[in-house]
Amino acid sequence: MTPLQFDTARAPVLFIADLHLDPGRPAAMRAFCHFVETRVPAAAALFILGDLFEAWIGDDARPDNDPVAPALAALGAQGLPVYFMPGNRDFLVGPAFCRAAGITMLTEPTLIEIDGERVLLEHGDALCTDDTAYQAFRSQVRNPDWQAAFLAQPVAERLEQARALRQRSGEAMAGKSAAIMDVNAEAVRERLQAWGVGTLIHGHTHRPAIHRLDSGDGHGRRIVLGDWFEQGSVLRIDNGTARLETISFES
Ligand code: LP5
Ligand code: MN
């Protein structure tokens, strides 16, 4: 399949991840809706690379007053494409939510072309190969049979299991070093090589940066998106230049 192609001399392409939207964090929700209304319409496309939501336990558990799907649907109505790749917190987002939000689900990883350059997109958790406890857990919950069994349970039961999981995850993370929870350099190198790309864009680690990589031709880059905890974080590729920008929660 031909990858999606963008020419940033015509309009910028925007990338976000790790918003962790939740009714309990209204400032982030407001900032996201404001960003979608005011900044995104001038772009060529918006890519959401996972963890849009703090936790997603199934499309049928979507809150009645959810502002996210209508905000995204308004972009689609303006002809602006929004692409969504699930993260480790919202891998259960399904077709019903995507239809309501007018967004296109991407498989992980996804290859695109920006200004003629091949760029690979992923959430980032799969690159954290030193975190073996997490990778074992990930294999379990990405199994379609496990997901079908989980989704078949009543919403109240799913909510309770998600709460228990987040507690166990928090306890487990307290005992892990920062290095274990970062991407593994060899996993990154292998990914770039396997896909024949010079640039990888991901989130998950909440360590926003543009890293230069030794890819042989001097053009290798690993761009890490930031979270939306204290402020928003957006990667804007405009006129061939990639910049990580922050968005104040005050405006
Ligand atoms: O996202 P972040 O940065 O907080 O943590 C991740 C890893 N943790 C997770 C779990 C999520 O935080 C919680 C997801 C909620 C979404 C719910 C939807 C589906 C519900 C499923 C219910 C069973 O992804 C964390 C990594 C960290 O990133 C850095 O990469 O370290 O991983 C862990 O901490 C996992 C532990 O090491 C192993 C956990 C074993 C749990 C065993 C199953 C428990 C089931 C409990 C329910 C009865
Ligand atoms: Mn994540």
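This section describes the surroundings of ligand 1 and several local features of the chain in a predicted model.

Ligand 1 occupies the space that forms the largest pocket. Helix H4 (132-141), helix H5 (144-151) and helix H6 (155-174) are the elements that give two or more residues to the shell around the ligand, and H6 contributes the most, with seven residues. The surroundings of ligand 1 comprise 21 residues, of which Asn88, Arg89, Asp131, Lys176 and His204 come nearest. Polar side-chain atoms approach the ligand at several points: one of Asn88 lies 2.8 Å from an oxygen atom of ligand 1, and one of Asp131 lies 2.6 Å from an oxygen atom of ligand 1, while an N or O atom in the side chain of Ser169 is 2.9 Å from a nitrogen atom of the ligand. Taken alone, ligand 1 exposes 1100 Å², and 86% of that area is buried by the protein.

His204, one of the residues that come nearest to ligand 1, is placed in the loop between strand E8 (199-202) and E9. Although His204 is not a glycine, its phi is positive, at about 80°. The relative accessible area of His204 is 19%, and the residue is therefore classed as buried, the cut-off being under 20%.

A further histidine, His20, is located in the loop that runs between strand E2 (13-16) and helix H1 (26-38). Because its relative accessibility is 4%, His20 counts as buried. When neighbours within four places in sequence are left aside, the contacts of His20 are Arg25, Asp51, Leu52, Phe53, Glu54, Arg89, His206 and Phe229; among these, Arg89 also belongs to the residues that come nearest to ligand 1.

His211, by contrast, lies within strand E9 (residues 209-213) and counts as partly exposed, because its relative accessibility is 31%. With residues up to four places away in sequence not counted, His211 touches Gly220, Arg221, Arg222 and Val224. The C-alpha atoms of His211 and Val224 are separated by 8.0 Å, the two residues being 13 residues apart along the chain.

Backbone geometry also deserves mention at two further loops. The peptide bond from Glu108 to Pro109 is cis, with omega near -5°, and Pro109 itself lies in the loop between strand E5 (104-105) and strand E6 (110-114). In the loop that lies between E6 and strand E7 (117-121) is Asp115, for which phi is positive at about 50° although the residue is not a glycine. With a relative accessible area of 36%, Asp115 is partly exposed.

Key
Residues numbered from 1 in each chain as written. Chains lettered and ligands numbered in written order. Predicted model: local features only at pLDDT ≥ 70, side-chain atom pairs only at ≥ 80, totals over all residues. Heavy atoms only, no water. Helix = DSSP H or I, 4+ residues; strand = E, 2+ residues; numbered from the N terminus. Buried < 20%, exposed > 50% of the residue type's maximum accessible area, 1.4 Å probe, protein only. Contact = heavy atoms within 4.5 Å. Near = heavy atom within 4 Å. Polar contact = N/O pair within 3.5 Å; in protein donor to acceptor, adjacent residues only side chain to side chain. Areas by Shrake-Rupley, 256 points an atom, 1.4 Å probe, with all protein chains shown as cover. 1 Å grid on protein atoms, 1.4 Å probe; cavity = no way out; pocket = protein on both sides within 12 Å on 5 of 7 lines; lining within 4 Å. Sits in = over half its atoms within 2 Å of the grid points.
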